[in-house]
Amino acid sequence: MTISVRTRSILVFAFDLLAAICAWFGAFLLRFNLDWPHEYATVIWLGLIPVLIIQGLFTLLFRLHRSMWTFTGFPELLNVLKAVATSMLLLSLTLLLYPALIPRSIVLLYPLLLLLAMGGSRAIWRMWREYRTKTCEARLENANTPVVVVGAGMAGAMLVRELRRSPQWRIVGLVDDDPTKWGLDLSGHRVFGDIDHLPEILEDTGARHVVVAIPSSQTQALRRITELVRHTGVSLLTVPDLGELMNGRVAINAMRPVRIEDLLGRASIHIDNDHISAMISGNTVLVTGAGGSIGSELCRQVARFTPKRIILLETSEFALYSINQWFLDNQPDIPVIPLAGDVKDQQRLTQIFTAYQPELVLHAAAYKHVPLMEVNNAWQAVRNNVMGTLNVALCAQQSGSKRFVLISTDKAVNPTNVMGATKRMAEMACEALNCQNNTTSFTMVRFGNVLGSTGSVIPRFKEQIANGGPVTVTHPDITRYFMLIPEAAQLVLQAASMGTGGEVFVMDMGEPVRIADLARNMIRLAGFSEQQIGIKFTGLRPGEKLYEELLADNEQTLPTPHSKLRIAQSRTVENNFLQDLIDWLENNKSVPDSDVRLVLKRWIPEYMPGGDGSSSSLPQQQP
């Protein structure tokens with residue numbers, strides 16, 4: 001049966017008054033050995049009136065009628081003590097003023113009995129409710145999910161308290177690296193030992209779930225725990241930030257599985273919002289490839305800085321619909337103009353730039369998949385990545401755009417594939433345009449792979465794991481740099497606001513990640529072992545490197561005011577490069593892959609197609 005808050009408060013208020021009556025009469029009975037003191041009868045009955053008034057006032061003053069007895073703890077008992085102590089003080093003053101009115105022992109007996117009645121009843125109620133909860137837990141022991149909690153600190157204690165209230169979970173123990181906690185109990189649950197004992201504890205208890213409650217050094221802890229339980233097949237969960245738990249902003253249902261992003265441990269970045277706002281606020285921003293992974297996130301980040309409008313240029317109808325729908329649902333106040341178009345279509349681009357005159361152009365449209373572009377698609381990679389970039393850049397220059405930002409890649413450094421070489425050529429075209437232009441500043445930003453982007457390994461691995469494996473990795477030693485999509489987009493805007501023209505910005509990508517380790521971690525996080533979901537090495541694909549570089553051998557970098565960005569000093573572009581490039585693009589409608597590589601090699605000496613054994617041999621040209 002449930003009762004309203006008002007009714008419950010009235011009942012608690014009445015109980016405290018009843019406790020005062022019992023304590024008042026009980027004090028006199030104890031004083032006179034349980035005999036009724038007839039000589040004090042008048043004092044007892046008349047004194048009951050001020051006692052009830054005083055008790056009622058202090059109950060309201062200290063909000064005792066509002067406290068939840070189920071969660072009675074030190075704060076609630078402290079309020080009871082304050083109310084009783086105040087009553088005792090008033091009795092003492094009465095005794096001083098009228099020494100013959102009541103026996104002196106009543107001043108001590110009444111508060112003690114009142115404290116016992118009020119505080120004891122609340123404590124007994126909580127003990128009874130917890131006993132009932134434990135009884136229910138015992139009955140549902142086989143139905144609940146056993147779980148081991150990692151971390152017996154503040155976050156662990158709060159997590160245990162929340163888990164105990166949930167019928168879904170049953171805590172079987174905790175682990176913590178602090179030796180002073182080993183063997184102790186936390187809310188009735190044993191801290192077995194350090195984290196290294198986790199596999200044995202999981203085996204002994206039969207738990208198949210582990211919840212990590214270590215807010216500090218979360219990434220290192222998650223990596224260590226993942227390695228420890230890699231053969232057990234358990235599910236790893238993590239909790240929200242400790243501050244959010246303490247402030248009550250999230251509930252225990254915010255507990256979520258550990259994601260691969262958690263293990264990569266990309267630290268949060270800080271950007272200069274003032275400079276970015278000055279660049280975007282009140283201006284028209286054009287984003288090419290606006291429906292892609294990077295392009296769509298750039299659009300979302302740009303929307304934070306109150307642009308005049310955002311032009312969404314995208315060749316995929318569904319991708320264009322998706323990003324436009326996102327704005328309608330989430331940012332309806334931001335003016336967006338969805339435009340279908342191809343960066344290779346010069347006439348369409350001229351129409352768009354003439355109509356909307358964008359001050360800032362973020363060029364994210366590109367072909368990015370290395371093996372696809374390497375075989376039978378080299379000329380299309382040139383047309384999209386080079387000619388498309390040149391078309392957009394020339395339109396930006398002619399329409400007077402203030403800034404043009406090219407989204408480049410780490411594969412443009414010492415490229416061994418067509419995709420990387422075409423992106424390097426696009427960089428060179430922008431550098432050449434910047435040298436002959438005084439109105440538009442051209443800036444390039446390089447970064448590596450982003451987690452979850454279209455065509456990246458992570459969605460592919462997830463699909464393979466869901467299908468029962470195996471997970472295919474090209475080479476045991478292949479490594480890649482990874483970063484989060486929002487992080488990459490924020491740094492692009494930061495670089496754009498810092499650039500004065502001609503710079504090639506290089507992002508701090510952190511440490512490279514071994515793809516085989518990435519696959520193993522994803523298998524473990526999915527709750528499988530490598531025996532259940534195997535890893536198959538298929539060999540390097542056409543144009544693929546074992547490792548990626550962020551700087552070419554003949555480049556040096558300069559620091560910037562932002563710790564995550566540096567400026568690469570690349571090889572100077574020849575004076576006649578731009579015109580030769582334009583002539584080549586205009587005079588050729590279709591070029592075989594082999595001829596494309598020859599031209600790329602002539603203009604980009606560092607381009608080594610399958611040259612040093614770090615990538616696979618070039619495929620035979622198909623007829």
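**From one helix to the core**

Just after helix α17, Gly468 adopts a positive phi of about 90°. The model in which this residue appears is a predicted one. Helix α17 itself, which spans residues 457–466, is a convenient place to begin, with Ile458, Phe461, Gln464 and Ile465 as its buried residues. Why do these residues lie on the same side of α17? They lie there because they cover an arc of only 125° around the axis. The general principle is that an α-helix has 3.6 residues a turn, so residues three or four places apart point the same way. The other side of α17 carries Lys462 and Ala466, which are exposed.

The view may now widen to the whole protein. Its secondary structure consists of 21 helices and 22 strands. Of the 623 residues in the protein, 50% are buried. The accessible surface comes to about 29,900 Å², and carbon and sulfur atoms account for 56% of this surface. Contacts also reveal how the chain is arranged: among those between residues at least 6 apart in sequence, 76% join residues at least 24 apart.

A strand offers a useful companion to the helix. Which residues of strand β11 (residues 360–363) are buried on its two faces? Leu360 and Leu362 are buried on one side, while Val361 and His363 are buried on the other, so that both faces are covered. Strand β11 also has paired strands. Strand β8 (residues 284–288) runs parallel to β11 and is joined to it by four bridges, with Val287 standing opposite Leu362. Strand β12 (residues 403–409) is likewise parallel to β11 and joined to it by four bridges; here Phe404 of β12 is the bridge partner of Val361.

Phe404 leads from the strands into the interior. In soluble globular proteins, nonpolar side chains tend to be buried together. The largest nonpolar core in this model holds 55 residues, and Leu390, Phe404, Leu581 and Leu585 have the most contacts inside it. Helix α15 (residues 378–399) contributes the most to this core, with twelve residues. A second, separate core has 41 residues, including Val285, Val302, Leu360 and Ala488.

What does Phe404 touch, leaving aside residues up to four places away in sequence? Among its contacts are Val361 and His363, two residues that are buried on one side of β11. Phe404 also touches Thr389, Val392, Ala393 and Ala396, and its further contacts include Cys430, Thr440, Ser441, Phe442 and Thr443.

Conventions: Residues are numbered from 1 along each chain as its sequence is written. This is a predicted model: local features need pLDDT of at least 70, side-chain atom pairs count only at pLDDT 80 or more; totals for chains, interfaces and linings use all residues. Side-chain values use heavy atoms; hydrogens and water are left out. Buried means under 20% relative accessible area, exposed over 50%, partly exposed in between (1.4 Å probe, protein chains only). The arc is that of the directions from the helix axis to the C-beta atoms. Contact means heavy atoms within 4.5 Å. Accessible areas come from the Shrake-Rupley method with a 1.4 Å probe; for residues, only the protein chains shown count as cover. Two strands pair if DSSP finds at least two bridges between them. A nonpolar core is a set of buried Ala, Val, Leu, Ile, Met, Phe, Trp, Tyr and Cys residues joined through side-chain atoms within 4.5 Å.
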